[in-house]
Amino acid sequence: MKIFVYSYRDFDEAAFFTKFAKESGVELGICRDDPDMDNAALAKGYPYISILTTKIDAELVQRFYDLGVRMISTRTVGYDHIDLAKARELGMHVGNATYSPHCVADYTVMLMLMCIRKMKRIMQRAELNDFSLPGIQGRELRNFTVGVIGTGKIGETVIKNLSGFGCEICAHDLYEKESVRAYAKYAPLEEIYEKCDLISLHMPLTKDNYHMIDEEAIRRMREGTVLVNTARGGLVDTRALINGIKSGKIAAAGLDVIENEFGMYYFDRKSDILDKEELAILRSFPNVIVTPHMAFYTDESVSDMVKHSIQSCCLEEAGKENPWKIF
Ligand code: COI
């Protein structure tokens, strides 16, 4: 069987692709660039394509379908970058790839601690040999009430990680889990906004929760709330967040994701003039830490992303139960 791989990375993915393709008896086609209308034809003759986070809009879905592609497997947990409605309409399958939730969960707690210990300012000052104390006094996590919105695998792991710090933990999800109740108390969203000093987002982006953290949500939050987002940029209305930071309502933010990041992150753009005004504003704030969607990036996750994408296509080909199949 044949899989065409887009956005293939030599420096970290190649060895895993070689290993897992050999183990599964798969023939790979590869393209180091992201998929687009121009290079889509490379996938002709391949029923399966493996992609990363490139936007696959309706036109591109249709193009791949016309070329004979029958399943799009993204080597990511999230699949909001694919036009699912178009794929469904065509009867094309979509799959994702999972990896251990610890990579994102650990990174989330790191961002929480960096925010509440004012680490951006400490590091900026230390670089300039400014070792003074005013303005960098931190707070202790055990004195926080933390709200975790989204208690899937990653949110649940964040909650378990946090349980060692002694903070009060509140959780919110459309689907409540018994395993979470041992560490956190489920609460309605309004209560999370009104009660928690630190809010962390862990849900997939859907059309229903797009911009859920908007002016109104921020208005309901406590004065001095810390916001951490390692999920998807679209969950937060960036303009509303900037206003919240300017007013002091949001005391600090740790953002591994930002709206409209795709096409920017994972490229070397240091010599380019970036047309990302909101990102520039956020990065200028001393109390906002912006990282380029790196929470996933560990040795284990890269191996799993490649392995599960290949396995998903193989299971589909064999007509077997496929845990990574979205539809
Ligand atoms: C995911 O797997 O959904 C991620 O967020 C990581 C990806 C952007 C590489």
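The paragraphs below lead through a predicted model, taking in turn its two sheets, an enclosed strand, the ligand site, a set of salt bridges and two loop residues.

A convenient place to begin is the sheet of 5 strands, which is open and runs in the order E2-E1-E3-E4-E5 with parallel pairing. Its edges are formed by strand E2 (27-30) and strand E5 (93-95), each of which pairs on one side only, and from one strand to the next the twist averages 20 degrees. Within this sheet, strand E3 (residues 48-51) pairs with strand E4 (residues 71-74) in the parallel sense over 4 bridges, and along this pairing Ile 49 stands opposite Ile 72 in E4.

The other sheet has 7 strands, and it too is described as open with parallel pairing, the order being E8-E7-E6-E9-E10-E11-E12. Strand E8 (185-186) and strand E12 (288-290) stand at its edges, and because each has a single partner strand, one side of each is left without a neighbour in the sheet. At the E8 end, strand E7 (residues 168-172) and E8 pair in the parallel sense over 2 bridges, with Ala 171 standing opposite Tyr 186 in E8. Further along the order, strand E9 (residues 198-201) pairs with E10 in the parallel sense over 4 bridges, and here Leu 201 has Asn 229 in E10 as its bridge partner.

Strand E10 deserves a closer look. Why can strand E10 (residues 225-229) be called largely enclosed by the rest of the structure? The reason is that 5 of its 5 residues are buried, where buried means a relative accessible area under 20%. In a regular strand the side chains alternate between the two faces of the sheet. In E10 both faces are covered, since Thr 225, Leu 227 and Asn 229 on one side are buried, as are Val 226 and Val 228 on the other. Asn 229, already met as the bridge partner of Leu 201, is thus among the buried residues of this strand.

The ligand comes next. Which residues surround the ligand? They are Thr 53, Thr 76, Val 77, Gly 78, Tyr 99, Arg 232, Tyr 266, His 293, Phe 296 and Met 305. Polar atoms of several of these residues lie at short computed distances from ligand oxygen: a polar backbone atom of Val 77 is 2.7 Å from an oxygen atom of the ligand, whereas for Tyr 99 the atom concerned is an N or O in the side chain, 2.5 Å from a ligand oxygen. Arg 232 likewise places an N or O atom of its side chain 2.7 Å from an oxygen atom of the ligand. Taken alone, the ligand exposes 280 Å², and the protein buries 94% of that.

Charged side chains provide another way through the model. Side chains of opposite charge can pair when their charged atoms come close. The count of salt bridges comes to 21, one of them being that between Arg 181 and Glu 176, whose closest N and O atoms are 3.2 Å apart. Both ends of this pair are partly exposed, Arg 181 at a relative accessible area of 40% and Glu 176 at 44%.

A further salt bridge joins Glu 194 to Arg 220, with the closest N and O atoms 3.7 Å apart. This pair links distant parts of the chain, for Glu 194 lies in helix H8 (residues 189-195) and Arg 220 in helix H9 (residues 215-220), 26 residues apart. Glu 194 is partly exposed at 46% relative accessibility, and Arg 220 is partly exposed at 30%. Within helix H9, the side chains of Glu 216 and Arg 219 meet in a salt bridge of 2.8 Å, N to O, and these two residues are 3 residues apart, about one turn of the helix. Glu 216 counts as partly exposed at 35%, whereas Arg 219, at 54%, counts as exposed. Salt bridges that share partners join Glu 194, Glu 216, Arg 219 and Arg 220 into one network.

Two loop residues complete the tour through their backbone angles. Most residues other than glycine have a negative phi. Lys 118, although not a glycine, has a positive phi of about 55 degrees; it sits in the loop between helix H4 (102-116) and helix H5 (119-127) and is partly exposed at 25% relative accessibility. Asn 129 also has a positive phi, near 60 degrees, and is found in the loop between H5 and strand E6 (145-149), where its relative accessibility of 58% makes it count as exposed.

Note on methods. Residues are numbered from 1 along each chain as its sequence is written. This is a predicted model: local features need pLDDT of at least 70, side-chain atom pairs count only at pLDDT 80 or more; totals for chains, interfaces and linings use all residues. Side-chain values use heavy atoms; hydrogens and water are left out. A salt bridge is a side-chain nitrogen of Lys or Arg within 4 Å of a carboxyl oxygen of Asp or Glu. Buried means under 20% relative accessible area, exposed over 50%, partly exposed in between (1.4 Å probe, protein chains only). Two strands pair if DSSP finds at least two bridges between them. Axes are lines fitted to C-alpha atoms, for helices over the stretch in contact, and angles run from 0 to 180 degrees between N-to-C directions. A residue is near a molecule or strand if one of its heavy atoms lies within 4 Å of it. A polar contact is a pair of N or O atoms within 3.5 Å; within protein, one must be able to donate a hydrogen and the other to accept it, and residues adjacent in sequence count only if both atoms are side-chain atoms. Accessible areas come from the Shrake-Rupley method with a 1.4 Å probe; for residues, only the protein chains shown count as cover.
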